[in-house]
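Dear colleague,

Here is the structure I promised to pass on. Please have it open while you read; my notes follow below.

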Amino acid sequence: SSCNPQSQYVGTVLLEYFLWRYGIANGLFAKEYYPFGRKSHGKYQITAAQNKKRALSKKEVEAIKALEVKPGSRKELARDFWLFSYYANGCNIKDIVHLKWKDIDWKEGVIQFVRKKTERANKSNQVQITAVIHPHITEVIQRRGVDDSQPENYVFSIIDANQTAEEQHKHTQEFVRRINIGLKQIAKELNLTKNLTTYTARHSH
């Protein structure tokens with residue numbers, strides 16, 4: 001039987017990927033020689049086909065923006081943070097939750113922060129995110145940001161500094177759940193065939 005050359009190639013790459021992961025985990029290979037990662041870091045980046053399936057078209061994004069939602073509703077909350085993520089280069093919701101006022105440079109018109117999941121890594125392995133402050137981002141910050149804009153304060157009141165890491169994680173998960181429920185309602189109203197979740201914004205920007 002004939003084999004699709006592209007499928008064969010992808011299968012070979014994935015096999016190599018898992019062999020490397022296994023080898024590093026078991027001390028067989030040195031981590032610095034790991035060939036996979038971001039293109040910008042000179043590594044080979046595997047493109048997941050599912051990301052294309054999750055991505056929305058520009059027309060669908062515009063429909064979400066144009067949808068009339070009731071102020072204070074779950075749909076408004078969901079749309080606000082979905083579009084925030086979309087315009088902030090697909091920023092992870094967890095990173096938005098942990099955003100601090102010191103991360104926002106109004107003068108330069110950018111948001112800069114280290115991705116939460118990489119902040120404990122060595123500085124060379126930390127992932128720095130920079131996003132231009134889109135008018136929608138400004139709008140959400142003005143509508144939902146806390147009044148006390150001290151540099152170390154969180155921009156949004158979803159978590160606070162007095163909570164343990166476990167409590168913050170729990171609040172973040174609950175927040176993501178609320179957003180996804182609202183997004184499901186939006187998708188139904190707009191008759192979107194794609195599954196609209198917080199992840200969709202990350203793959204659509």
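From the N terminus on, the elements of the protein chain run α-α-α-α-α-β-β-β-α-α-α. That comes to eight helices and three strands. Please keep in mind that this is a predicted model. Buried residues make up 37% of the 205 residues in the chain. Take the contacts between residues at least 6 apart in sequence: 53% of them join residues at least 24 apart.

**Helix α4**

I began with α4, residues 74-87. Its 14 residues, at 1.5 Å each, should span 20 Å, and the end C-alpha atoms are 20 Å apart, so the expected and modelled spans agree. The helix is mostly covered, with twelve of its 14 residues buried. The buried set is E76, L77, A78, R79, D80, F81, W82, L83, F84, S85, Y86 and Y87. Just after the helix, N89 takes a positive phi of about 60°.

What packs against α4? Two helices to look at are α3 and α6.

Helix α3 covers residues 58-66. Its axis lies 10 Å from that of α4, and the two pack at an angle of about 140°. The cut-off for roughly antiparallel is over 145 degrees, and α3 and α4 are therefore oblique to each other. Their crossing is left-handed. On the α3 side, the contacts come from K58, V61, I64, K65 and A66. On the α4 side, they come from R79, W82, L83, Y86 and Y87.

Helix α6 covers residues 135-144. Its axis and that of α4 come within 9 Å and cross at roughly 135°. That makes α4 oblique to α6. This crossing, too, is left-handed. From α4, the residues involved are E76, L77, R79, D80, F81, L83, F84 and Y87. They meet H136, I137, V140, I141, R143 and R144 in α6.

R79, L83 and Y87 of α4 appear in both lists: they take part in the contacts with α3 and in those with α6.

**The sheet**

Next, the strands. They form an open sheet of three, in the order β1-β2-β3, with antiparallel pairing. β1 (104-105) and β3 (128-132) stand at the edges. Each has a single partner strand, so one side of each is left without a neighbour in the sheet.

The β1 and β2 pairing runs over two bridges. Four residues lie between these strands in their hairpin, where G109 takes a positive phi near 75°. Strand β2 spans residues 110-114 and pairs with β3 over five bridges.

**I111**

Which residue of β2 is the bridge partner of I104? It is I111. I111 also stands opposite A131 in β3. The C-alpha atoms of I111 and A131 are separated by 5.2 Å, although the two are 20 residues apart along the chain.

Is I111 buried or exposed? Its relative accessible area is 2%, and the cut-off for buried is under 20%, so I111 counts as buried. Leaving aside neighbours within four places in sequence, I111 is in contact with F84, L99, D103, I104, I129, T130, A131, I133 and I137. Two of these names have come up already. F84 is among the α4 residues that meet α6, and I137 is among the α6 residues that meet α4.

**T197 and T198**

Last, a pair of threonines. T197 sits in the loop between α7 (165-190) and α8 (198-204). T198 is in helix α8. T197 is buried, with a relative accessible area of 17%. T198 is buried as well, at 10%.

Now their contacts, not counting residues up to four places away in sequence. T197 is in contact with W82, N180 and L183. T198 touches W82, I93, V176, I179, N180 and L183. W82 is thus on the list for T197 and on the list for T198. W82 is also one of the buried residues of α4, and one of those that meet α3.

If you want a place to start, try α4 with α3 and α6, then go on to I111 in strand β2.

Best wishes

How values were computed. Residues numbered from 1 in each chain as written. Predicted model: local features only at pLDDT ≥ 70, side-chain atom pairs only at ≥ 80, totals over all residues. Heavy atoms only, no water. Expected span 1.5 Å × (residues − 1). Buried < 20%, exposed > 50% of the residue type's maximum accessible area, 1.4 Å probe, protein only. Contact = heavy atoms within 4.5 Å. Pairing = 2+ DSSP bridges. Axes fitted to C-alpha atoms, helices over the stretch in contact; angles between N-to-C directions. Parallel < 35°, antiparallel > 145°, perpendicular 65-115°, else oblique. Left-handed = near helix turned anticlockwise from the far one by under 90°.
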